[in-house]
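Open the model in your viewer and keep the selection panel at hand. This tour goes from one selection to the next and says what is there.

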Amino acid sequence: VYAASKVFNGSWFGTALAIAAICGSWTTLNACFLGLPRSFYQLGKSGLLPKSFAKLNKYGVPIVSLIAFTIIVAISLIFNKGILFLINMTSLFFMLIAILLSIGSLRVKSTMAQEYELAGYKLKGLSYYFWPIITIISTGYFLIDFLVGDIQTLIMTVIVTILGIFVYNLRKKSLKKQGIDMIENMKNVLKES
């Protein structure tokens, strides 16, 4: 795109396009720094992560979650190719999350019927199926295309996913021994939100 814009619009447009691409990358990181620590906070409330992740400071900031996420980002930058690799990994996991959320939204009527009925906003009729299926297909296409083109990111994704599944199951068993049902805790956290 940069080369084509230089041919048709001159070098100034190519430079503007490159700057826009850099800004686009930074918006992805900004969304991560704003959203993911809050996700860690919710996971702390539900019991998947330790309770310390659910603590807020006097300004309402989940400081433990923010620090943990900052450490994860710093480690990622130290051991990987740099900021572009981190942006790619983040985008990839957002695509995976979008697919999982879409699958979950297709199942919500049967798995969480009561919560669905009490929800303030619901997809109805054909849109209940249409939007999640379109999201799964389109995001799945981009995800596969992305992974085929970048084997290092694919390997890291598999490693991180396996590690995440291991931690999830370990925590679920640990809480079950304490008499805590993590799935019920997650449902309660959703009701509070």
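**Stop 1: a ring cluster.** Select F40, F53 and F69. Ring pairs link these three residues into a cluster. Bear in mind throughout that this is a predicted model. A search of the whole structure finds six aromatic pairs. One of them joins F40 and F69 edge-to-face, with 6.1 Å from centre to centre and 70° between the planes. F40 sits in helix α2 (residues 11–46) and F69 in helix α3, so this pair ties together parts that are 29 residues apart in sequence.

Are F40 and F69 buried or exposed? F40 has 18% relative accessibility, so F40 counts as buried, the cut-off being under 20%. F69 is buried as well, with a relative accessible area of 7%.

For contrast, select F130 and W131. These two also form an edge-to-face aromatic pair, 4.8 Å centre to centre with 80° between the planes. F130 is partly exposed, at a relative accessible area of 37%. W131 is partly exposed too, at 49%.

**Stop 2: the core around the rings.** Go back to F40 and add L49, F53, A68, F69 and V73. These six residues make up the largest nonpolar core. Which helix gives the most to this core? It is α3, with three residues. A second core lies apart from this one; it has five residues, among them L92, I99, L143 and L147. In soluble globular proteins, nonpolar side chains tend to be buried together.

Now show what surrounds F40. Leaving out residues up to four places away in sequence, F40 touches L49, F53, S65, F69 and I72. L49, F53 and F69 are thus partners of F40 by contact and fellow members of the core.

**Stop 3: the loop between α2 and α3.** Select K51. K51 is found in the loop between α2 and α3. At 53% relative accessibility, K51 counts as exposed, since the cut-off for that class is over 50%. What does K51 contact beyond its neighbours within four places in sequence? Its partners there are G44 and K45. Next, draw a C-alpha to C-alpha distance from K51 to Y41. The two are 8.7 Å apart in space and 10 residues apart in sequence.

**Stop 4: V64.** Keep Y41 shown and select V64, which lies in helix α3. The C-alpha atoms of V64 and Y41 are separated by 8.3 Å, with their positions 23 residues apart along the chain. V64 is in contact with S52 and F53, its neighbours within four places in sequence left aside. F53 takes you back to the ring cluster with F40 and F69. V64 itself is partly exposed, with a relative accessible area of 30%.

**Stop 5: the nonpolar surface patch.** Turn on the surface and select I63, V64, I67, I71, I75, I78 and F79. Together they form a nonpolar patch on the surface, with about 670 Å² of accessible area. Where is F79 placed? F79 is in helix α3, which covers residues 63–79. F79 is exposed, with a relative accessible area of 66%. So helix α3 holds F79, from the patch, and also gives three residues to the largest core.

**Stop 6: F94.** Move on to helix α4 (residues 83–111) and select F94, which lies there. F94 is partly exposed, with a relative accessible area of 34%. Add L143. The C-alpha atoms of F94 and L143 are separated by 9.9 Å, although the two residues are 49 residues apart along the chain. L143 belongs to the five-residue core seen at Stop 2.

**Stop 7: the whole chain.** Zoom out and color by secondary structure. How many helices and strands does the protein chain have? There are eight helices and zero strands. From the N terminus on, the elements run α-α-α-α-α-α-α-α.

Now color by burial. Buried residues make up 23% of the 193 residues in the protein chain. The chain exposes about 13000 Å², and carbon and sulfur atoms supply 72% of that area. Last, bring up a contact map. Among contacts with a separation of 6 or more, 59% come from residues 24 or more positions apart.

Technical notes: Residues are numbered from 1 along each chain as its sequence is written. Side-chain values use heavy atoms; hydrogens and water are left out. Helices (H or I, at least four residues) and strands (E, at least two) are DSSP runs, numbered from the N terminus. Buried means under 20% relative accessible area, exposed over 50%, partly exposed in between (1.4 Å probe, protein chains only). Contact means heavy atoms within 4.5 Å. Accessible areas come from the Shrake-Rupley method with a 1.4 Å probe; for residues, only the protein chains shown count as cover. Patches are made of residues with over 30% relative accessible area and no salt bridge: like charges are joined within 9 Å, nonpolar side chains (Val, Leu, Ile, Met, Phe, Trp, Tyr) within 5 Å. A salt bridge is a side-chain nitrogen of Lys or Arg within 4 Å of a carboxyl oxygen of Asp or Glu. A nonpolar core is a set of buried Ala, Val, Leu, Ile, Met, Phe, Trp, Tyr and Cys residues joined through side-chain atoms within 4.5 Å. Rings of Phe, Tyr and Trp (its six-membered ring) pair if their centres lie within 6.5 Å; planes under 30 degrees apart count as stacked, over 60 as edge-to-face and the rest as tilted.
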